[in-house]
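Please walk me through this model. One point at a time will do.

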Amino acid sequence: MNVMMLLEMASAAFPERPAFTDGSTGASFTYQQLFDAARQRADSIRNSGAERLVKLDVSNLGTPLSLFASAWAGVPYVPLNYRLTDGEIQALLARVTPAYLVTEDSRLSALGAVTDVQAVSTGSFLDDAQHTNATAEPWAMDPEEIAVLLFTSGTTGEPKAAVLRHKHLVSYILGSVEFAGATEEDVALVCVPPYHIAGIAAIMSSVYSGRHVVQLPNFSAEAWIELARKHKVSTAFVVPTMLARIVESLEAEGAEDAGLPHLASLSYGGGKMPLSVIEKAMALFPNTDFSNAYGLTETSSTICVLGPEEHRNAAAATSEQERRRLVSVGQPLPGVEIEIRDEDGQQVPAGERGEIYVRGEQVSGEYEGRGSVTDSEGWFPTRDAGSMDADGYLFLEGRADDVIVRGGENLSPGEIEDVILTHPAVADVAVVGVPSEQWGEAVAAAVVAKAGATIDTAELQDYVKERLRSSRVPELVQVWSELPYNETGKLLRRVVRTDLAAAQS
Amino acid sequence: MAALKMGARLKSTVCEGEIMVVIAPDAELEMTCGGAAMVDAGEAVTPSGEVHPDHAVGVAMGKRYIDEAETLEVLCVKSGDGSLAANGALLLQKDTKKLPKTD
């Protein structure tokens, strides 16, 4: 069991089909070319004696080549975040030596000097792959071998390296993707960073289905729309902040329709999708199927999906209960089990908030140097808070650690945020706990006004009071121009908490 | 008879068919393709002999096959003319639920 097998099957079934195209340069690989290049680079990696392949660069043809060549060579693939500071990158690099580093020209001399790092430029990694004529040994079929080491974004503390073995990734693909399910006209636009689990999953699922991937290295809404039109893109994945910008950009064009008739499916995930954004997007893309995917690095990507039919039914529904399903992340994939548990590890009744636990073949739950954090029955505690309704639809409610403890009462920021977001003047909101002498923690909110709207903070507090118990009314409300997000759309709640705590004292 | 291991690759000796074991049962069993015992994919054996007429529906790349009890599951990685069987019982093609594209 090895992820190279996915590419082997694809290149046997449709060797001449385009596999990857770099959207910024137009360079591309067919499936056969990618397979041949992987064999040659696997040989180089083995000869180097390196024990990891590190890729530090934006998305380009070197990205899928690095993933498959390292699988063939039998060394873990380690994509690093190129937005980190030089100091942070050096610290992570030192944790994965001896390493074969594929990176941009501008970083070669500095990082090539690091002990036990053999650095090559992405350009020569790709060029050499076309000219040498190696005959690499076959890849290992041991399902326990490590395929990918992925540093989690670490919004708190030092980044952890999540361990994904070949068995996890292959199980995920076999369980969720139909082999050769795509037609020659299917084109996927991939704009998530290569060091994000969604970026890795996109490579594998596109290859196994036989889709042509167009890569967008640096996201902007304008570039996304332009590439999607140019390549007649049929499927894409975005994080909520990206979709919000695409919607804004289309609205600025004055478009009533996105003008992307080929876009059959658009999926999103990686953070909470505001109801207003998804409703507008569905109006702008009337013929597009929307899916919401929820997954984690530790679960080899998607574990829960809200499908297109469910989107349409919820959008057309009149009852609040059914409309709410539009902000659900849907139901577990086949082979994936999900439970909501309280602090004592007991399963909670439908509709009640608790921590999300997940189990399945694709679930790793393992970190380098710490082993597996799954329990004896294979359940992985996600640290995400959520609830599941009586029909098995999962709702996310922030991180388990984000719970606000006010006077001994546990409050969910998500519950309060959902109410504030329904206020007509509010575009975005983050609710956090700030230190309080009286209560231990007090509820505080940072809100962003919609364009042209003004927020009256006292009126907003009354608005919450009319809808929730008084303990949930924010004692502090600040109007901000925007909330802090990282580049994959994750709200930096810690930053909000620090700033609001400082404002309060 | 041999114990199968998850991830192991086997090939047919009478056609081009090749499989990978996805779920392996605890018990030992004999895997056949086209009615003839399969061998480790790494062995230097070129297909020879005849596909047995009762085992000639074929295997298709990308399809998964299971036994009646669902304790054995294999993935076909190369198509062939022979059908798969475990201890003489033909395997069944597994239906896969079509899921929305998510990544």
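**Loops, folds and contacts**

Visitor: Where does Glu70(B) lie?
Guide: Glu70(B) falls between two strands of chain B. Helices (H or I, at least four residues) and strands (E, at least two) are DSSP runs, numbered from the N terminus. The place is the loop between strand 6 (64–66) and strand 7 (73–78) of chain B.

Visitor: What kind of model is this?
Guide: Residues are numbered from 1 along each chain as its sequence is written, while chains are lettered from A and ligands numbered from 1 in the order in which they are written. Local features need pLDDT of at least 70, side-chain atom pairs count only at pLDDT 80 or more, and totals for chains, interfaces and linings use all residues: this is a predicted model.

Visitor: Is Glu70(B) buried or exposed?
Guide: Count the other C-beta atoms, placed from the backbone, within 10 Å: 20 or more is buried, 12 or fewer exposed, anything in between partly exposed. Glu70(B) has 11 such neighbours, so the residue is exposed.

Visitor: What is phi of Glu70(B) near?
Guide: Most residues other than glycine have a negative phi. Glu70(B) is not a glycine, yet its phi is positive, near 60°.

Visitor: Which residue of chain A has a positive phi although it is not a glycine?
Guide: Look in the loop between helix 5 (108–112) and strand 6 (117–121) of chain A. The residue there is partly exposed, with 13 other C-beta atoms within 10 Å. Its phi is about 65°, and its name is Asp116(A).

Visitor: Which peptide bond is cis?
Guide: Most peptide bonds are trans. The exception here leads into Pro98(A), in the loop between helix 4 (86–94) and strand 5 (99–103) of chain A. With omega near -5°, the cis bond runs from Thr97(A) to Pro98(A).

Visitor: What is the radius of gyration of chain B?
Guide: Chain B has ten strands and zero helices. The radius is taken over C-alpha atoms, and the globule rule is 2.2 Å times the number of residues to the power 0.38. For 103 residues the rule gives 13 Å, and chain B is close to it, so it is as compact as a globular protein of that length: 13 Å.

Visitor: Which helix gives the most to the largest nonpolar core?
Guide: A nonpolar core is a set of buried Ala, Val, Leu, Ile, Met, Phe, Trp, Tyr and Cys residues joined through C-beta atoms within 7 Å. The largest has 134 residues, and those with the most contacts inside it include Leu6(A), Phe68(A) and Met204(A). Nine residues of this core come from helix 8 (residues 197–209) of chain A.

Visitor: Which strands stand at the edges of the open sheet?
Guide: Strands pair if DSSP finds at least two bridges between them. The order is 16-17-20-21 (chain A), with antiparallel pairing. Two strands have a single partner each, so one side of each lacks a neighbour in the sheet: strand 16 (337–341) and strand 21 (394–399) of chain A.

Visitor: Which element gives the largest share of the side of chain A that touches chain B?
Guide: Contact means C-beta atoms, placed from the backbone, within 7 Å. By that test, 30 residues of chain A meet 18 residues of chain B. Elements giving two or more residues to this side of chain A include helix 1 (4–13) and strand 13 (289–296). The largest share, four residues, comes from helix 8 of chain A.

Key:
Two residues are in contact if their C-beta atoms, placed from the backbone, lie within 7 Å.
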